[in-house]
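Work through the following exercises with the coordinates open beside the text. Each task is followed by a solution that proceeds step by step.

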Amino acid sequence: MLELSRRNLMIGGAGLLGAGLLMSKPGDESGPRDPYFLELQAALMEAGIASPTLIVDKARLNANIDTLIGHLPAGMAYRIVAKSLPSLDLIAHIRKRSGSGRLMTFNQPMLTALSRAMPEADQLLGKPLPVAAARNYFSSLAAGEAPAAARVQWLVDTPERLRQYQELAAATGQTLRINLELDVGLHRGGLEAGDTLKSMLETLRDAPEFSFAGFVGYEPHLAALPEALGWRDRARSGAWRRYGEALMQAAEVSGADAVSNLVRNAAGSPTYRYYQDTEVANEISAGSCLVKPTHFDTPLLEPHLPASFIAAPVIKSLAHTRLPGLEFAAEGQRAWDPNTSRTVFIHGGNWLADPVDPPGLSYNKTFGRSSNQEMLTGGHNLAIAPDEFVFLRPHQSEAVFLQFGDIAVFEDGRITERWPVFEASA
Ligand SMILES: Cc1ncc(COP(=O)(O)O)c(C=O)c1O
């Protein structure tokens with residue numbers, strides 16, 4: 001990453017860096033293609049695929065599911081984060097292999113789609129929805145789909161939202177399962193033990209419109225904090241202390257028995273491995289680590305394999321890089337940074353993704369990004385022909401997976417299935 005940004009600065013001709021005073025000359029990173037990507041390319045060609053495509057490698061996905069389940073302590077349930085795995089077929093596959101019937105859902109269209117396709121699943125909202133979206137959800141379902149709605153756990157973060165949901169429950173004659181969002185240190189809103197939580201717990205205990213389902217305490221910041229001087233450990237114990245205080249308050253208000261049945265949700269991909277017993281949480285949620293975009297290249301997730309790639313067909317492969325209006329500078333740039341020697345233009349582009357094969361490719365800051373024909377430059381040994389594929393790794397899955405139509409599933413050297421994705425919605 002650092003090398004990439006330095007190189008981009010060079011191409012942009014930035015002052016001191018351009019003079020080479022602060023950096024060493026880059027080496028040529030181009031070289032032979034990775035046999036794995038050549039195999040993916042052959043599978044795409046055999047399947048007649050000729051447009052930018054999102055690929056999921058099923059063997060790697062399966063290995064990631066097994067890795068995740070293998071890391072869970074006894075009694076810890078797994079909840080599938082639907083937004084990070086945004087395809088009904090992908091989720092169905094993960095449900096089957098992991099044995100999990102729990103989903104974390106993030107918007108009303110997703111909630112409706114999952115209620116229809118998997119009415120038996122237990123859906124927990126991963127963020128509080130406006131009460132109008134909850135109302136739209138109920139009206140989106142046919143009468144026969146009511147049992148799926150009864151299984152939804154609505155996430156609530158404030159007394160005001162609880163009041164709105166109570167009105168909705170009264171108006172629709174539904175009993176709503178309510179899960180409370182805790183702030184265990186992320187400070188993205190949510191509740192802490194104290195008077196407000198107490199009064200909401202009392203409402204949940206007393207109001208016939210509600211049944212109290214549990215807590216969500218999400219803490220992805222922990223993985224981002226430095227380990228130095230015990231900083232991360234302190235934040236982690238602080239998060240668990242806050243969670244424990246909320247549980248104690250729930251026991252005081254509703255009794256220990258009621259609390260023993262609660263869903264105690266925590267974690268996400270970056271932090272699920274911190275939970276080595278069920279003292280605080282009794283379920284962890286994770287999604288991204290099963291397909292592992294680059295933002296999840298962390299030491300804790302090292303056992304997980306990259307399982308999703310963008311394949312983009314090459315339109316043009318040029319033996320020399322030439323930049324409009326800067327033709328005179330090409331020789332100098334190439335002499336300084338051999339990775340700017342050759343150029344490919346691909347179909348599409350401008351995705352949240354990094355090129356990974358052929359090796360040594362990078363975006364060209366001077367030429368700029370393009371969603372139509374993106375320019376990538378590479379070294380002297382870059383060898384790729386028009387209609388072959390460049391491969392990129394997405395930075396994240398939730399938005400990127402939605403940009404390519406049906407996912408191409410790669411298995412045993414072939415594209416074996418196409419999995420439609422969710423409609424785009426935040
Ligand atoms: C409440 C909550 N839990 C868990 C997750 C974890 O998702 P992932 O594993 O894809 O990072 C998220 C992601 O945004 C979230 O908002």
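A residue is called buried if 20 or more other C-beta atoms lie within 10 Å of its own, exposed if 12 or fewer do, and partly exposed in between, with C-beta atoms placed from the backbone. The model is a predicted one, in which local features need pLDDT of at least 70 and side-chain atom pairs count only at pLDDT 80 or more, whereas totals for chains, interfaces and linings use all residues. Residues are numbered from 1 along each chain as its sequence is written.

**Exercise 1.** Determine what percentage of the residues in the chain is buried.

*Solution.* Applying the criterion to the 426 residues of the chain gives a buried share of 42%. As for the dimensions, the C-alpha trace spans about 75 × 50 × 40 Å along its principal axes. The chain contains 14 helices and 17 strands, where helices (H or I, at least four residues) and strands (E, at least two) are DSSP runs numbered from the N terminus.

**Exercise 2.** Test the length of helix α4 (residues 58–71), and then decide how its buried residues are arranged about the axis.

*Solution.* The expected span of a helix is 1.5 Å times one less than its number of residues. For the 14 residues of α4 this gives 20 Å, and the end C-alpha atoms are 20 Å apart, so the two agree. Next, list the buried residues, which are Leu 61, Asn 64, Ile 65 and Leu 68. Seen down the axis, these buried residues of α4 fall within an arc of 100° and therefore line one face of the helix, the arc being that of the directions from the helix axis to the C-beta atoms. An α-helix has 3.6 residues a turn, so residues three or four places apart point the same way. Finally, the face of α4 turned away from the buried side carries the exposed residues Ala 59, Asp 66 and Gly 70.

**Exercise 3.** Repeat the analysis for helix α3 (residues 35–46).

*Solution.* The twelve residues of α3 should span 16 Å, and because its end C-alpha atoms are 16 Å apart, expectation and model agree. The buried residues of α3 are Leu 40, Gln 41, Ala 43 and Leu 44. Viewed down the axis of α3, they fall within an arc of 160°, so they line one face of the helix. On the other side of α3, Pro 35 and Glu 46 are exposed. Just after α3, Gly 48 takes a positive phi of about 75°.
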